[in-house]
Structures are given as C-alpha cells and as structure tokens.
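Student: I would like a close look at one part of this protein. Please go through a single helix in detail, and then the spaces enclosed elsewhere in the fold.

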Amino acid sequence: MVQTRKNKIITVTLNPALDRTLQFSSFDLGKVNRVIQERLDPAGKGINVAHVIKTLGEAAIVTGFLGQDNADKFNSSFTKMDIENHFVLIPGCTRVNTKLVDQTTGLVTEVNFPGLTFSADDWLRLKQTISKLAQTADSFILSGSLPPDAPPDSYYQLITLLKEQHCKVFLDTSGPALTTALEAAPYAVKPNITELSEIMGRSLTNSRELSQAINQLLLSGIQLVVVSLGEQGALIAAGDERLRVKAPAIKIGSTVGAGDAMVAGLAVADTRELSLADKARLATAAAAATVAKPGTQPGSLQEIEKLLPLVQIENWEERA
C-alpha cells in the first residue's frame, strides 16, 4: 500500500553533543575566569535545527546516533519539546562540548570533542531507520560533522538513498564530508565563503568569482544555494533568482546555532512553498532570533515574527 506523505521534516545528526555553555562578563586567556551563568543543552546541528522547526510550528522528527550511556538527557529534552525521536543507540556516552561566551566582546570560544565511532552494524541500522522514515516524509536535513572514522562518503550514501525515495535533502556540513556529498547533488546546501572556496578549490575574492561558484553548484543539480557571509548577511540563489539578505541589528547572546536556525527556516519555508524572498526572510529572522539567545536555545515564534519585517532583502545582480 502506498503511504501518503505528510510534509514531515526529519533531521539527521550523526555526531550530536551536549553543549555546556559558560557565560563570563569577560574572558581572559591565561587568567582565572568566573562563570556567571551556565547552561547544558542537548545539541548537535540536526537537533538544533529540529528545535527551531518545532518553534516554527511544524512537526519535528530526529534521528542519528546517540550514546546509550547518557541518552536520557536527550530523551527528556525531546519529550519536553514534543520532538519525535528515532535515534539509534550505540555504546558509550555522547560527547560534551563546551562554549565559552565573553559577554563584553560577544566572542564565543568553542571546545569540541570528536564524538563516538559507529560500527558497520550501527550504520546499517541507521540506514534502515532512515529508509523507513522516508516513506512518509518530504524533506531531510543532514547536518553537522561526521563522527571519528566515519567514511567521508557517509552523507553521499544517505543523499543517494533519500533521492531514490524522492525526498528533498538539505545539506549543512563542511570539509571532505561536504565535497564528497555534493557529488550526489542534494536539493539544498548552505556553505559559508570559506567552505565554498574549498569546494571550488580556489579562493573567492570578489562578487564575480562568488557568482561563478554559485552558478556551478546550481548547474550540478543542486536547486537551492545559500552562502553565509557572516555579519554581511547571506546570498540565496535558486533558478534565475539571486538575492542578498541581511538580518536586523540585535544584541548578541550567542552565535552558536544561528546557522542551524537558518537551515530550519529554509526547510520550513520550502515545505510551505514560499517564494525565494520569503524563504530568505524566514530563515534570516529565525537565525537572528537565535543569536539573541544564550546557549543553543532558539528564539520564540513571537521573536521571530517580530524580526520578519526588519530583514533586508535586495536583488543581487552579479552574474558570471
């Protein structure tokens, strides 16, 4: 019997983490620093994305790998957020990463561990889980780093599997995992300029070179390209449209999770079949609302809606 798709968005996190965020009035290397606030958040890019998807009013479903020894910390968070959990448990503890936030400068120093390794049997179990979920889903988001010793074509394998089941795939990763996965032509990618330069094998020093790189990705079969420009905003391209988008000025709480919020906004807007400009607007507002929060918590729906009309969007006319 053919199952009906339900506009579900599923995130895949192969290398999740518990994010321990420490806030300092100021942080000085080599000196004694006193913590003024602490948070512990279940995280990993796909989990961060799922939180924002839920905040935006859509059903959120998560899968990937979790260490069985501290999975309860994630499970309680998923239950509280009403996030559907299909993580595959593997031996060991999920890594704990530390974020050091200097409130005076807004700078965030991250100390990240490599994560757990998975076996061939674990990988097979996850692929079976994803294949089953794909029967009733439209979109998957593959995001974050690969665990230690994971094959560099891990995301390539998943994209190929999901495209065979006619699912859209949003990809947000870096390094060899990104360059290898691009050969499978996911639906959407979100590199920053440094990552895009690595993909192209050359430094992108001006708008024309940036435009050429974006066009090359679109010609490869990717349908939506978002290039993060840091404080300068982002470029978003699809078909013949090219837009530059910039977030409103806000007081920074933490930049951790901003890119994940942008991906969530893009996927939700795509599911709702919004225009490219409205996709850019929702994604940017979601990212800005997250930046205003400490730790990796997303902004509220009300905060996102308040920022929507303040997002600046203009046509970007540069062409190769």
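Tutor: What follows takes one helix from end to end and then turns to cavities and a pocket. The model is predicted.

Start with helix 7, which covers residues 207-219. Its 13 residues should span 18 Å at 1.5 Å a residue, and because the end C-alpha atoms are 18 Å apart, the expected and computed lengths agree. At the N-terminal end the helix is capped by N206, which places a side-chain oxygen 3.1 Å from the backbone nitrogen of R208. After the helix comes G221, with a positive phi near 115°.

Next, consider which residues of helix 7 are buried. They are L210, S211, A213, I214, N215, L217 and L218. An α-helix has 3.6 residues a turn, so residues three or four places apart point the same way. The list can be read with that spacing in mind. The buried residues of helix 7 pack against two elements that precede the helix, strand 11 (188-189) and helix 6 (193-200). They also pack against strand 12 (224-228), strand 13 (234-238) and strand 14 (241-246).

Strand 11 leads on to the cavities. The structure has three of 30 Å³ or more. The second largest, of about 40 Å³, is lined by F170, L171, D172, A188, V189, K190, V263 and L266. Strand 10 (168-172), strand 11 and helix 8 (258-271) each give two or more residues to this lining, and strand 10 has the largest share, with three. By class, six of the lining residues are nonpolar and two are charged, with no polar ones.

The largest cavity has a volume of about 80 Å³. Of its 13 lining residues, L14, N15, P16, F65 and L116 lie nearest the centre. Strand 4 (residues 60-67) contributes the most, three residues. This lining has eight nonpolar, four polar and one charged residues.

L14 appears again in the surroundings of S154, a residue of helix 4 (residues 154-164). S154 counts as buried because its relative accessibility is 0%. Beyond its neighbours within four places in sequence, S154 is in contact with L14, F118, W123 and L146.

Last comes the second largest pocket, with about 280 Å³ of space. It is lined by 13 residues, and R39, D41, P42, H51 and S77 lie nearest its centre. Helix 2 (71-81) and strand 3 (37-43) each supply at least two lining residues; helix 2 has the largest share, five. The lining of this pocket divides into four nonpolar, five polar and four charged residues.

Definitions and conventions:
Residues numbered from 1 in each chain as written. Predicted model: local features only at pLDDT ≥ 70, side-chain atom pairs only at ≥ 80, totals over all residues. Heavy atoms only, no water. 1 Å grid on protein atoms, 1.4 Å probe; cavity = no way out; pocket = protein on both sides within 12 Å on 5 of 7 lines; lining within 4 Å. Points joined across faces, edges and corners; volume = space filled by probe spheres on them. Helix = DSSP H or I, 4+ residues; strand = E, 2+ residues; numbered from the N terminus. Nonpolar A, V, L, I, M, F, W, Y, C, P; charged D, E, K, R; others polar. Expected span 1.5 Å × (residues − 1). Buried < 20%, exposed > 50% of the residue type's maximum accessible area, 1.4 Å probe, protein only. Contact = heavy atoms within 4.5 Å. Polar contact = N/O pair within 3.5 Å; in protein donor to acceptor, adjacent residues only side chain to side chain.
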